[in-house]
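Me: I'd like to learn how to read helix packing, cores and chain contacts from a model. Can we go through one together?
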Amino acid sequence: MIEGLHKAFESRVRLGIMAVLTVNDEVEHGTLKELLSVTDGNLASHMAALTALKYVLVRKRFIGNRPNTAYKATAAGTKAFKDHLDAMGRLLKKDLRQ
Amino acid sequence: MDHNDPRSDLAHIRSLMERSTRFISLSGLSGVFAGGVALVGAWVAQHHVAGHLGSGADALTYGAVRYEVSKADSLTITLLFDAMSVLAVALLGAFWFTWRRSKRLEQGLWDASAKRLTWNLLIPLAAGGMVCLSLMYHGLPGLVAPATLVFYGLALLNASKYTLDEIRWLALSELVLGVIASFWIGAGLMFWALGFGVLHIVYGGLMWVRHERDQTNV
């Protein structure tokens, strides 16, 4: 295991979630689902893992009668994702040297 | 889960970050089309101004048109109608070309990035439009052309954070033209044609060459 690579980001969906959340203030469930081309269930289960780690905050509310869920990256989540990206960058460099 | 190839993961991440914040479906062809429409509109306006001032008048000196008792005279109304038609046709064209491109890129036409782009463009533009109406109202039609250029430039500058980088350069060019035009009111129509016609065609063409040309057969 390379130092800094984070187990929580091993899935592509989770990487995608963090990529979108770190460059946006707050993203709605539907928008995220569309961007990542995943199903509701798939997104929800990855989200559950990320919220359990306190990397993502969930805000649920109603707009009229419809439930509206939005997500936000926490400071810890942003940092973990950045570290992971750095580690991936280092891995790539090492790869090129071999 | 496929085991991660960091190279493709990074590319995936970069594309998601880009797509989720910027509206990249904006088509350069909509700029080229709007530029063409603006040139036709400017030609029509010049024709009317020349007719109004009588033969021998420099067609580009629309700023010299005197507005005395009646501010809502026929020339003002004609020019206003001309400008509104240009705006409507140009917007329709922009919408159509962008819709076509968003289908190709599979980016929704009215997603969060498109909304952000639209609001950031419309707020300064609407304020500018109202100021231009007030300039007409106060009998200062000569300042309308430079004001539309300046406000359009500011609106684009504001919106450029949420779309392709070329828009920022288009915005700065419009601002420079608008400021020059404000000191050279007599040539307002010429500057207007340069800003809304020529610049749109140049930057629209550039955007098309850079982002779309290779994808037209996809």
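Me: How do I describe the way helix 1 of chain A and helix 2 of chain A pack, and at what angle?

Reply: Two packed helices are described by the angle between their axes and the distance between the axes. In this predicted model, helix 1 (residues 12-23) and helix 2 (residues 29-36) of chain A have axes 10 Å apart, at an angle of about 125°. That makes helix 1 of chain A and helix 2 of chain A oblique to each other, because the angle falls outside the parallel, antiparallel and perpendicular ranges. The crossing of helix 1 of chain A past helix 2 of chain A is right-handed.

Me: Which residues make that contact between helix 1 and helix 2 of chain A?

Reply: From helix 1 of chain A you get A:V13, A:G16, A:I17 and A:V20, and from helix 2 of chain A you get A:L32, A:L35 and A:L36. Sort the residues of that contact by type and you have 6 nonpolar, 1 polar and no charged.

Me: What about A:R12: buried, exposed or partly exposed?

Reply: For burial, count C-beta neighbours. A:R12, which lies in helix 1 of chain A, has 18 of them inside 10 Å, so A:R12 counts as partly exposed; 20 or more would make a residue buried. The C-alpha atoms of A:R12 and A:L36 are 9.5 Å from each other, with the two positions 24 residues apart along the chain. Leaving out residues up to four places away in sequence, A:R12 touches B:D9 and B:H12.

Me: That takes us to the other chain. How many residues does each chain put into the contact?

Reply: The size of an interface is often given as the accessible area lost when the parts come together. Here, let's go by residues: 16 come from chain B and 15 from chain A. On the side of chain B that touches chain A, helix 1 (residues 6-21) of chain B gives the most, with 11 residues. By type, that side of chain B splits into 7 nonpolar, 5 polar and 4 charged.

Me: What is the overall makeup of chain B in helices and strands?

Reply: Chain B has 7 helices and 0 strands, so to speak an α-α-α-α-α-α-α pattern along the sequence. Of its 218 residues, 36% are buried. Take the contacts in chain B between residues at least 6 apart in sequence, and 77% of them join residues at least 24 apart.

Me: And how are helix 6 of chain B and helix 7 of chain B oriented to each other?

Reply: Start from the geometry again: the axes of helix 6 and helix 7 of chain B come within 10 Å and cross at roughly 170°. Helix 6 of chain B and helix 7 of chain B are therefore roughly antiparallel, and their crossing is right-handed. Among the residues in this contact are B:W169 and B:L177 of helix 6 of chain B, and B:F191 and B:L199 of helix 7 of chain B. The contact of these two helices of chain B divides into 11 nonpolar, 4 polar and 2 charged residues.

Me: Which residues touch the most other members of the largest nonpolar core?

Reply: That core has 47 residues, and B:A38, B:L149, B:F191 and B:W192 touch the most other members. Among the elements giving two or more residues are helix 2 (28-53) and helix 7 (188-212) of chain B, while helix 5 of chain B gives the most, with 10 residues. Another core, of 25 residues, lies apart from this one and includes A:V27, A:L50, A:Y71 and A:F81.

Methods:
Residues numbered from 1 in each chain as written. Chains lettered and ligands numbered in written order. Predicted model: local features only at pLDDT ≥ 70, side-chain atom pairs only at ≥ 80, totals over all residues. Core = buried A, V, L, I, M, F, W, Y, C linked by C-beta atoms within 7 Å. Buried ≥ 20, exposed ≤ 12 C-beta atoms within 10 Å, placed from the backbone. Helix = DSSP H or I, 4+ residues; strand = E, 2+ residues; numbered from the N terminus. Contact = placed C-beta atoms within 7 Å. Nonpolar A, V, L, I, M, F, W, Y, C, P; charged D, E, K, R; others polar. Axes fitted to C-alpha atoms, helices over the stretch in contact; angles between N-to-C directions. Parallel < 35°, antiparallel > 145°, perpendicular 65-115°, else oblique. Left-handed = near helix turned anticlockwise from the far one by under 90°.
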